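Here are my notes on this one, written as numbered points. Have the viewer open while you read.

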Amino acid sequence: QVQLAESGGGLVQAGGSLRLSCAASGRTFTNIAMAWFRQAPGKERESVAAINWSGGSREYADSVKGRFTISISRENAKNTLYLEMNSLKPEDTAVYYCAAGRRWGGAAMSMGQYDYWGQGTQVTVSS
């Protein structure tokens, strides 16, 4: 099993920045791919950004391209996923979830590709 714990959410004004972190613990796998999803009130969960097992492939939702950056750190066999969010907009307000799944290949933006999910962290952007 893999446990995921997000942190770094909060309240920020439009145009501001936040950095989300997701610490993975438990079993470690070479082919762990990770991603960020978000869910706003009354809306379905949507993909934000994804990174593949090697870190060499990244994908972004069109709504965040050029503003958000996904990255991963692998130290002492522990993976930590990051999401650097700049130029935040009120429409970025949502609960942000970290996800992980075992897969080779490129980054995946589909929820079905991920088996492990964090509890989420709230991001609120005020206008």
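1. A word on terms before the sheets: two strands are taken to pair if DSSP finds at least two bridges between them. On that basis, strands 1, 3, 8 and 7 make up an open four-stranded sheet in the order 1-3-8-7, with antiparallel pairing. Strand 1 and strand 7 sit at the edges, each pairing on one side only. On average, neighbouring strands here are turned by 20° against each other, direction ignored. Do keep in mind that this is a predicted model.

2. Inside that sheet, start with strand 3 and strand 8, which are antiparallel and share six bridges. If you want to check the register, L20 has L83 of strand 8 as its bridge partner, and C22 stands opposite L81 in that strand.

3. On to strand 7, which pairs with strand 8 over eight bridges, again in the antiparallel sense. Here S71 is the residue opposite Y82 of strand 8. The two strands form a hairpin with two residues between them. Have a look at N76 in the turn, where phi is positive at about 55°. As for burial, strand 8 is mostly covered, with six of its eight residues buried.

4. How is strand 4 placed, enclosed or open? Seven of its eight residues are buried, so strand 4 is largely enclosed by the rest of the structure. Strand 4 runs antiparallel to strand 9, and eight bridges join them; within this pairing A35 has A99 of strand 9 as its bridge partner.

5. Strand 4 is also joined to strand 5, by five bridges and in antiparallel fashion. F37 is the one to look for here, since its bridge partner in strand 5 is S47. Strand 4 and strand 5 form a hairpin too, with six residues between them, and G42 in the turn has a positive phi of about 75°.

6. Now the packing. The largest nonpolar core counts 32 residues, and those with the most contacts inside it are L4, M34, W36, L81, L83, M85 and Y96. Two or more residues each come from strand 1, strand 3, strand 4, strand 5, strand 7, strand 8, strand 9 and strand 11. Another core, of eight residues, lies apart from it, with A35, A50, A108 and Y114 among its members. Two residues already met in the pairing with strand 8, L81 and L83, are thus worth finding again in the larger list. A35, the bridge partner of A99, turns up in the eight-residue core instead.

7. A small aside on V12, which is found in strand 2 (residues 10-13). V12 is buried, at a relative accessible area of 13%. Leaving out residues up to four places away in sequence, V12 touches S17, L18, L88, T124, V125 and S126. By contrast, A33 is 21 residues from V12 along the chain, and their C-alpha atoms are separated by 29 Å.

8. Then the aromatics, where the structure holds three pairs. For F37 and W117, the ring centres are 5.0 Å apart and the planes stand at 50°, so the pair is tilted. It links distant parts of the chain, with F37 in strand 4 and W117 in strand 10, 80 residues apart. F37 is buried, with a relative accessible area of 1%, while W117 is partly exposed at 26%. Ring pairs also bring in Y114, so to speak: F37, Y114 and W117 are linked into a cluster.

9. W53 and W104 form an edge-to-face pair, 4.9 Å centre to centre with 80° between the planes. W53 is in the loop between strand 5 and strand 6, W104 in the loop between strand 9 and strand 10, and their positions lie 51 residues apart in the chain numbering as a separation. How accessible is W53? W53 counts as partly exposed, at 30% relative accessibility, whereas W104 is exposed, at 52%.

10. Last, two charges over rings. The charged end of R19 sits over the ring of Y82, 4.0 Å from its centre; Y82 is the residue opposite S71 in point 3. R45 lies over the face of Y97, at 3.7 Å from the ring centre.

Terms used
Residues are numbered from 1 along each chain as its sequence is written. This is a predicted model: local features need pLDDT of at least 70, side-chain atom pairs count only at pLDDT 80 or more; totals for chains, interfaces and linings use all residues. Side-chain values use heavy atoms; hydrogens and water are left out. A nonpolar core is a set of buried Ala, Val, Leu, Ile, Met, Phe, Trp, Tyr and Cys residues joined through side-chain atoms within 4.5 Å. Buried means under 20% relative accessible area, exposed over 50%, partly exposed in between (1.4 Å probe, protein chains only). Axes are lines fitted to C-alpha atoms, for helices over the stretch in contact, and angles run from 0 to 180 degrees between N-to-C directions. Contact means heavy atoms within 4.5 Å. Rings of Phe, Tyr and Trp (its six-membered ring) pair if their centres lie within 6.5 Å; planes under 30 degrees apart count as stacked, over 60 as edge-to-face and the rest as tilted. A charge sits over a ring if NZ of Lys or CZ of Arg is within 6 Å of the ring centre and within 35 degrees of the ring normal.
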